[in-house]
Amino acid sequence: MHWAYRIAEILIRKHPGRETFVCASGISPSGSVHIGNFREVVTTYFVVRALQQLGKETRFIFSWDDFDRFRKVPKNVDSSFERYIGMPYSEIPCPFGCHNSYAEHFEKEFEQSLIAFGFMPEFIYQNKEYTSKRYNTNILHALKERKRVYDILMKYKTGEASEEDRERFYPVNIYCENCRKDTVTVTGFENERVDYQCSCGHANKVEVLEATNVKLNWKVDWPMRWMLEDVVFEPGGRDHSSETGSFKVSSEMVSTVFNQEAPHYEPYDFISIKGTGEKMSSSSGNNITPAELLKVYTPDVILFMFAKYNTNAAFHIGLDEDVIRNYTEYERFRDAEPAHLKEEIKVALDLSVVTPRPFKSPKFAQVASILPLVNFDAYIVRDVLNRTGEAYTLEAVQEVCERAQYWLRNWCPEKVITINNNKNLKYYETLTAQEQMWVSRFVKIMEEGGFELSEESFMRKVYDICHVDDPKEKRNNQKRLFTIIYELVLNNNSGPRIPLLVHSIGRERLKALLDF
């Protein structure tokens, strides 16, 4: 059973009479939301899809934690923004001057990218929730229960608890009305008022029920929102999932302090960028955003990459040769007979469909191999494919060409191969007499009209050039012949399939490069 349906069935058994299943995810807009963060939202999305397929009503919420403090300046933001550290993301100016705030810039960047994936959760902006006073009765409740909150937190810490610390503990952060930073020490709580002193010198007493600058600490805030939104499912990263991690602490907090059952939780492992082995981070700059990935992959392929892995499986995303491998795998599964696929793969494919395709698309690897040879002209690519018996609409070809061109030029420029202008005599002279004979016979096949044959008939003649009785030796010879042709024509040891190469270059030009 696919993991999304496994979770959905657990939820249904756990809540048999529930009308609406609230599934949550959330991210802090500390910088550009990367594809590692995307695993948070897409995990919830797949579970929502499974619940819907099983006939259940759902509410898919996504919390923007934009009332969190600004902790670190990302690499793509000017270092002068260090002066805003300690302020809520929602109150910091947009670093690029195009949105109302720092938070809004990165929120809208991510929200816009989600449109391509065909789903849009209900966004909850925590800045608005806190400043609208929606949470104030719960903040007051947590303050009144502050000693119990302290006991729960200390139960999961290695340090020793003390009665003195317990007396001075307050589970809130306060943003100073003067400097708007949270460099604040809470000095007292009495008569539903909180006293604080800020490092900027400002001090004040705040009426909790009227406050718009008081925020619960993370491990109290998270369970409070579970209770308020009636959440039944939420995933979380591996770092939240240990025995002393945020989820364990928050689960006890929600049941003990807020009298609510914790939601079903699914930990997910991290995604790394190939070659680094490091998890992605918005603040470190070690990231690839969904918008960047969409320039190379279709939404369906991206969703499939996430759907096919169990949530506890770490995987990397590369934009090198992995692109060809990922596309080829997806296309193979997509075009296969459903009866020949494992159930998990069939479900992963179903979960990955954004909208049914109105037209058939050419294979990415074929297009990527042809494009540089025809000066990145989609019209010629379509013509080449048509001449090999594969008919596609121009729209279908252009869509693949755009992504393939972006990938080749920006991520894999070494694959932008060109056709040799002159015969590669130097390489030809390194060939054995037998290999030179193979090249001569290949030219002769083209001269005798092999070019006009069907692809199958043409390739049968080409394969026979290297015929020997031993099948393994024959395969090695054929592979060697193709390598020789690529070197003589492209000065490269690989290239498009031979029929595509022939049609891309044309018979006369190919003969001119191979006829010695």
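**Exercise 1.** Work out whether Thr 44 is buried or exposed in this predicted model.

*Solution.* Start with the relative accessible area: for Thr 44 it comes to 0%. The cut-off for buried is under 20%, so Thr 44 counts as buried. Next, place the residue: Thr 44 belongs to helix H2, which covers residues 35-53. Finally, look at what surrounds it. If you skip the neighbours within four places in sequence, Thr 44 touches Cys 23, Ala 24, Ser 25, Phe 60, Phe 233 and Pro 235.

**Exercise 2.** Find the strand order of the open sheet of 3 strands, and say which strands sit at its edges.

*Solution.* Read the order off first: S5-S6-S7, with antiparallel pairing. Now check the pairing sides. Strand S5 (184-190) and strand S7 (203-207) each pair on one side only, which makes them the edge strands. As for twist, neighbouring strands here are turned by 25° against each other on average, ignoring direction. A bit of background: strands in a sheet pair through backbone hydrogen bonds, in either a parallel or an antiparallel way.

**Exercise 3.** Trace how S6 is joined to S7, and describe the turn of their hairpin.

*Solution.* Count the bridges: 5 of them join S6 (residues 193-198) to S7, and the two run antiparallel. Then match up residues across the pair. Tyr 196 stands opposite Asn 204, while Gln 197 faces Ala 203. Last comes the turn: the S6 and S7 hairpin has 4 residues between the strands. Among the turn residues is Gly 201, with a positive phi of about 105°.

Notes
Residues numbered from 1 in each chain as written. Predicted model: local features only at pLDDT ≥ 70, side-chain atom pairs only at ≥ 80, totals over all residues. Heavy atoms only, no water. Buried < 20%, exposed > 50% of the residue type's maximum accessible area, 1.4 Å probe, protein only. Contact = heavy atoms within 4.5 Å. Pairing = 2+ DSSP bridges. Axes fitted to C-alpha atoms, helices over the stretch in contact; angles between N-to-C directions.
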